[in-house]
Amino acid sequence: MSSSKILKVGIVGLEFGAEFIPIYQQHPNAEMYAICQRTESKLNEVGDQYGVEVRYTDYDKMLADPNIDVIHINTPLQLHADQVVAALEAGKHVGCTIPMATSVEDCKRIVDAQQRTGLTYMMMETTLYSREFLYLQELYRTGALGKVQFLRASHHQDMTGWPSYWDGMPPMYNGTHAIGPTLGLGGNQAEYVQCLGSGSVFDRMKGQYGSPFAIESTHIKFLDSDTGAEVTRHLWAVAREYRESFDVYGSIRSFEWAQTEDAAHVLYLGEKPERITVPDFADRLPEPIRHFTTAGVYTAGGETEHRSFVQGGGHGGSHPHLANRLLQAVLGEAEPFPNAVQAANITCSGILSHESAMRGGERVYLPEWTLTDKKPIVVELDQDVQPPWAKEYALTP
């Protein structure tokens, strides 16, 4: 980073949020200034562990602190909209964990607040900074995949043992881990969705959200493109190891995510499969935080005990990339990704997919305010080589 400015960061929510404290402490453009947690014992435990002196149990008091430049929100998803809007209106730049919100109306509130204040908002979507995504993004932009013909993504998860507000939640209300990479790879936007619900959750859960489905599977039509994606998500009563995945089917090369956590991803050149180890991209980061792409930070020994690591494999080394991009955006050195409008398009694709499922798979269009005139990155099909992989292509990521 070219700037020498130091931004004072405040983190609210110290379960998953504590993962980011040492990253900000070691980032050359950040001061890990303040933390906020309603439970005072947890607040002091984390503050003492990491030596953070400024502590709040009241979020409004934290927002009133004039020293804070950036608020990083890691609270339960139903709190995101109110907390993001309040932070923007308090003059703070904001990074917030996923999803953006749980209703279309709340996503609009955030977009409006960001545009009104002109401050930075970034949805901290881990899959868009995972080493798998960065690898596929590079292959696509160098032409090694050829024309992308289709994408498929999934997020399999059993929420047993999580807080009760998850009980019976429509799977696509929190679908951004799967939706994000399908849209993000080529800078696409969702034009409309069509979704089917399948199976059933436990009877005790059906009343909380009025949703009966165990699985929701949606098709996303990309704006200004002949390409689309299929995304599947479940939370309850489905036997499957945890998996956040996305597959990319290109005219030259295709990528399929490993079926299990101990297996290898597969890259195809035409019909020829090759099991691969995806490279790390720590060299894109400031040197002091590069080591966080391969290790967690919850305990003194660097062991990874938080559920994001137990179930998610450490989110693909994304955490330092997320923190770095947020700081770059605030400093004006990079665009926030995803920004407020992009985050709304991703998040509303999930919310409206559930609406489509409840309406029997009806096509539902994304609101105009979730769209921009920015064109996607397009690699055209090579019409001179049939099949495309018959010609020798060098893999040059």
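Two strands count as paired if DSSP finds at least two bridges between them. On that basis, six strands form an open sheet with parallel pairing in the order β3-β2-β1-β4-β5-β6. The model is predicted. A further open sheet has nine strands and mixed pairing. The points below cover both sheets, the helices packed on the nine-stranded one, a helix pair, and Pro367.

**Six-stranded sheet**

- The edge strands are β3 (54-56) and β6 (121-124), each of which pairs on one side only.
- Ignoring direction, neighbouring strands in this sheet are turned against each other by 25° on average.
- Strand β1 (residues 7-12) runs parallel to strand β2 (residues 30-36), and six bridges join the two.
- On the β2 side, Val12 stands opposite Cys36.
- β1 is also parallel to strand β4 (residues 70-73), with four bridges between them.
- In β4, Ile73 stands opposite Val12, and Ile71 is the bridge partner of Gly10.
- A right-handed β-α-β unit is made by β1, helix α1 (residues 21-26) and β2.
- Five of the six residues of β1 are buried, so the strand is largely enclosed by the rest of the structure.

**Nine-stranded sheet**

- The strand order is β14-β13-β12-β11-β7-β10-β9-β8-β15.
- β14 (272-276) and β15 (364-365) are the edge strands, and each pairs on one side only.
- Strand β11 (residues 243-250) and strand β12 (residues 253-256) are antiparallel and pair over two bridges.
- Tyr249 has Ser254 in β12 as its bridge partner.
- β8 and β9 pair in the antiparallel sense over eight bridges, and Gln194 has His219 in β9 as its bridge partner.
- β9 and β10 are likewise antiparallel, with seven bridges; here Lys221 stands opposite Gly228 in β10.
- β9 and β10 form a hairpin with five residues between them, and Asp224 in the turn has a positive phi of about 55°.

**Side-chain pattern along β9**

- In a regular strand, side chains alternate between the two faces of the sheet.
- β9 shows such alternation: Glu216, Thr218, Ile220 and Phe222 point to one face and are buried.
- Ile215, Ser217, His219 and Lys221 point to the other face and are not buried.
- Two residues of this second set also appear in the bridge pairs above, His219 with Gln194 and Lys221 with Gly228.

**Helices on the nine-stranded sheet**

- Helix α6 (residues 131-141) packs on the sheet and touches β7 (148-156), β11, β12, β13 (265-269) and β14.
- The direction of α6 makes about 10° with that of β11.
- Nine of the eleven residues of α6 are buried, so the helix is largely enclosed by the rest of the structure.
- The buried residues are Arg131, Glu132, Phe133, Leu134, Tyr135, Leu136, Gln137, Leu139 and Tyr140.
- Gly143, which follows α6, has a positive phi near 90°.
- Helix α7 (residues 176-184) lies across β7, β8 (190-198), β9 (215-222), β10 (228-234) and β11.
- α7 runs at about 165° to β7.

**Helix pair α5 and α11**

- The axes of helix α5 (residues 104-117) and helix α11 (residues 340-358) come within 10 Å and cross at roughly 175°.
- That crossing angle makes α5 roughly antiparallel to α11, because angles over 145 degrees are classed in this way.
- From α5, the contact involves Val104, Cys107, Val111, Gln114 and Gln115.
- From α11, it involves Ala340, Val341, Ala344, Thr347, Cys348, Ile351 and Leu352.
- By type, the residues of this contact divide into nine nonpolar, three polar and no charged.
- An α-helix has 3.6 residues a turn, so residues three or four places apart point the same way.

**Pro367**

- Pro367 is placed in the segment after β15.
- Which residues does Pro367 contact, leaving aside its neighbours within four places in sequence? They are Val104 and Leu352.
- Val104 and Leu352 are also among the residues through which α5 and α11 meet.
- Is Pro367 buried or exposed? Its relative accessibility is 18%, so Pro367 counts as buried, the cut-off being under 20%.
- Pro367 and Ile110 are 257 residues apart in sequence, while their C-alpha atoms are 14 Å apart in space.

Note on methods:
Residues are numbered from 1 along each chain as its sequence is written. This is a predicted model: local features need pLDDT of at least 70, side-chain atom pairs count only at pLDDT 80 or more; totals for chains, interfaces and linings use all residues. Side-chain values use heavy atoms; hydrogens and water are left out. Axes are lines fitted to C-alpha atoms, for helices over the stretch in contact, and angles run from 0 to 180 degrees between N-to-C directions. Angles under 35 degrees count as roughly parallel, over 145 as roughly antiparallel, 65 to 115 as roughly perpendicular and the rest as oblique. Contact means heavy atoms within 4.5 Å. Ala, Val, Leu, Ile, Met, Phe, Trp, Tyr, Cys and Pro count as nonpolar, Asp, Glu, Lys and Arg as charged, and the others, Gly among them, as polar. Buried means under 20% relative accessible area, exposed over 50%, partly exposed in between (1.4 Å probe, protein chains only). A crossover is right-handed if, with the strands pointing away from the viewer, the path from the first strand over the helix to the second runs clockwise.
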